[in-house]
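The exercises below are meant for a reader who is meeting this structure for the first time. Each task is followed by a solution that goes step by step.

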Amino acid sequence: MNVLNKSAKSIIIGWVIPFIIIPYCHAQQERRTYVPAQPMELHFRFDRTLPDSGYMDNIHVFNALDSLFSSHDTVSQKISSIHILAFASPDGNTAYNEQLAERRAINIKNYLIRKFPHIDTCRIHTCPQGENWQGLRRLVDEKRHLPHRGQILYIIDNSNTGIQRKKALKLLESDSIHPYIRARILRSLRSAILQIDWEKTVRLPAYPGYLCLQDTVPNLFRNVEYPLPASMEIPDRFLPASGSGHPATHPLFALKTNLLFDVALIPNFEIEIPIGRHWSVNGEYMFPWWLLDGDKYCLEIMAGGLEVRYWPQLYRQRKRQDILTGHFVGLYAGGGKYDLQWKTNGYQGEFFIAAGFSYGYAHKLSRHLHLEFNIGIGLLRTDYRHYHARNNYQTLQWQENGRYTWFGPTKAKVSLIWLLARKQKTQEGGIK
């Protein structure tokens, strides 16, 4: 009898209990695959209001939406709300970008209504967010080797309007940073995020292909405003270290011509070479050699000079200003020879010398074109020979020798400048 009881117990344990445990384990495993739905993000091409299924990861989001709503008609009735947060990248006109974000949100809503008509349209809410400055800040913060990273973060955190931020960021515009931001960062900010809220009793299967933003979505519902400091000047600690903050187009040298001499038909040529960010060396040469109207008029000058210049702007201003631009002071010296004749009266000088101090200002007209104003005050001294021209200006009759000394303005320039620059290459880590 005991043997029969043991056999019966073995049969029950061996055959009945598995039928109880297996469905329970299967149910537990099935329940583990059910998780709350995560936000999904669609991206837009530049200045577009309709998402392209072939752009970035949009195809996976469209497939997830189809699987989510088409296969769960009863579940779609359990939707609490769908919030569509639409963004524009923070470049261009602010007012236009706000309208662009609003049109993107409306178009996504219309797509959901047409594609899934069983969803209650009253539960779909458009939430245009305008320019995505918070997204830009998050992505810039992640790029540890991005040039000017500290400056960009400081500007975003210490400005409370997009216009102020854009004006401040223009100070950082260069070939080294803008192409990288446009290609790698801004395209990720032209998006619409779908936040789907369900009733508490609804649990949905986890579909592959979701672009989960996790903790970033709740922060997007509130507009963060930062206090604007008394001055928008960027502190020194956010400026690049010396030698690493040069603009992307660093001039090798500048070629110049004095427009005042050009008007007087005096050929002239200048070259200026920058040394660091505060110093430069300027060389000049003039060479008119005219005999006019049968030797009646003579303008023959061959002269050259050298000038050392210092650009004394404040350190933090110079970091944000083009080289060879702004105010400067200089120390110059030069000399040459001349033969000047007006009808029968003329002067010859085998050598003259001029030296003094100069002040000037260079204004940027375009990327490679500047306009410079310069005046010099100093000492000029020359030995000369005075003569009269006879026999139809072919014979020179010497009158006297003398020495002339002058202290005062010795030069005046309005120069047109062309800068020859080298372009620094960029790579993902920053400036090369």
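**Exercise 1.** In this predicted model, decide whether Lys 343 is buried, partly exposed or exposed, and describe its backbone and its place in the chain.

*Solution.* Begin with the relative accessible area of Lys 343, which is 38%. Buried would need a value under 20% and exposed a value over 50%, so Lys 343, at 38%, is partly exposed. Turn next to the backbone, where Lys 343 has a positive phi of about 60 degrees although it is not a glycine. Finally, place the residue along the chain: Lys 343 lies in the loop between S12 and strand S13 (345-364).

**Exercise 2.** Carry out the same kind of analysis for Leu 324: is this residue buried or exposed, and where is it found?

*Solution.* The relative accessibility of Leu 324 is 5%, and because buried means under 20%, Leu 324 counts as buried. Its phi is positive, at about 65 degrees, although Leu 324 is not a glycine. As for its location, Leu 324 is found in the loop that runs between helix H11 (315-318) and strand S12 (326-342).

**Exercise 3.** Describe how helix H5 (residues 133-142) packs against helix H6 (residues 149-157), and work out which residues make the contact.

*Solution.* Two packed helices are described by the angle between their axes and the distance between the axes. For H5 and H6 the angle is about 155 degrees, and the axes are 10 Å apart. Angles over 145 degrees count as roughly antiparallel, which means that H5 is roughly antiparallel to H6. The crossing in which H5 passes H6 is left-handed. On the H5 side, the contact is made by Trp 133, Leu 136, Arg 137, Val 140 and Asp 141, while H6 contributes Arg 149, Ile 152, Leu 153, Ile 156 and Asp 157. Sorted by character, the residues of this contact comprise 6 nonpolar and 4 charged ones, with no polar residue.

**Exercise 4.** How many of the 9 residues of H6 are buried, and what follows for the helix?

*Solution.* The buried residues of H6 are Arg 149, Gln 151, Ile 152, Leu 153, Tyr 154, Ile 155, Ile 156 and Asp 157. That is 8 of the 9 residues, so H6 is largely enclosed by the rest of the structure.

**Exercise 5.** In which sense do strand S10 (residues 289-292) and strand S11 (residues 297-310) pair, and which residue of their hairpin takes a positive phi?

*Solution.* S10 and S11 pair in the antiparallel sense, over 4 bridges, and Leu 292 stands opposite Tyr 297 in S11. The hairpin has 4 residues between the strands, and in it Asp 293 takes a positive phi near 55 degrees.

Notes: Residues are numbered from 1 along each chain as its sequence is written. This is a predicted model: local features need pLDDT of at least 70, side-chain atom pairs count only at pLDDT 80 or more; totals for chains, interfaces and linings use all residues. Side-chain values use heavy atoms; hydrogens and water are left out. Axes are lines fitted to C-alpha atoms, for helices over the stretch in contact, and angles run from 0 to 180 degrees between N-to-C directions. Helices (H or I, at least four residues) and strands (E, at least two) are DSSP runs, numbered from the N terminus. Angles under 35 degrees count as roughly parallel, over 145 as roughly antiparallel, 65 to 115 as roughly perpendicular and the rest as oblique. A crossing is left-handed if the near helix is turned anticlockwise from the far one by less than a right angle, and right-handed if clockwise. Contact means heavy atoms within 4.5 Å. Ala, Val, Leu, Ile, Met, Phe, Trp, Tyr, Cys and Pro count as nonpolar, Asp, Glu, Lys and Arg as charged, and the others, Gly among them, as polar. Buried means under 20% relative accessible area, exposed over 50%, partly exposed in between (1.4 Å probe, protein chains only). Two strands pair if DSSP finds at least two bridges between them.
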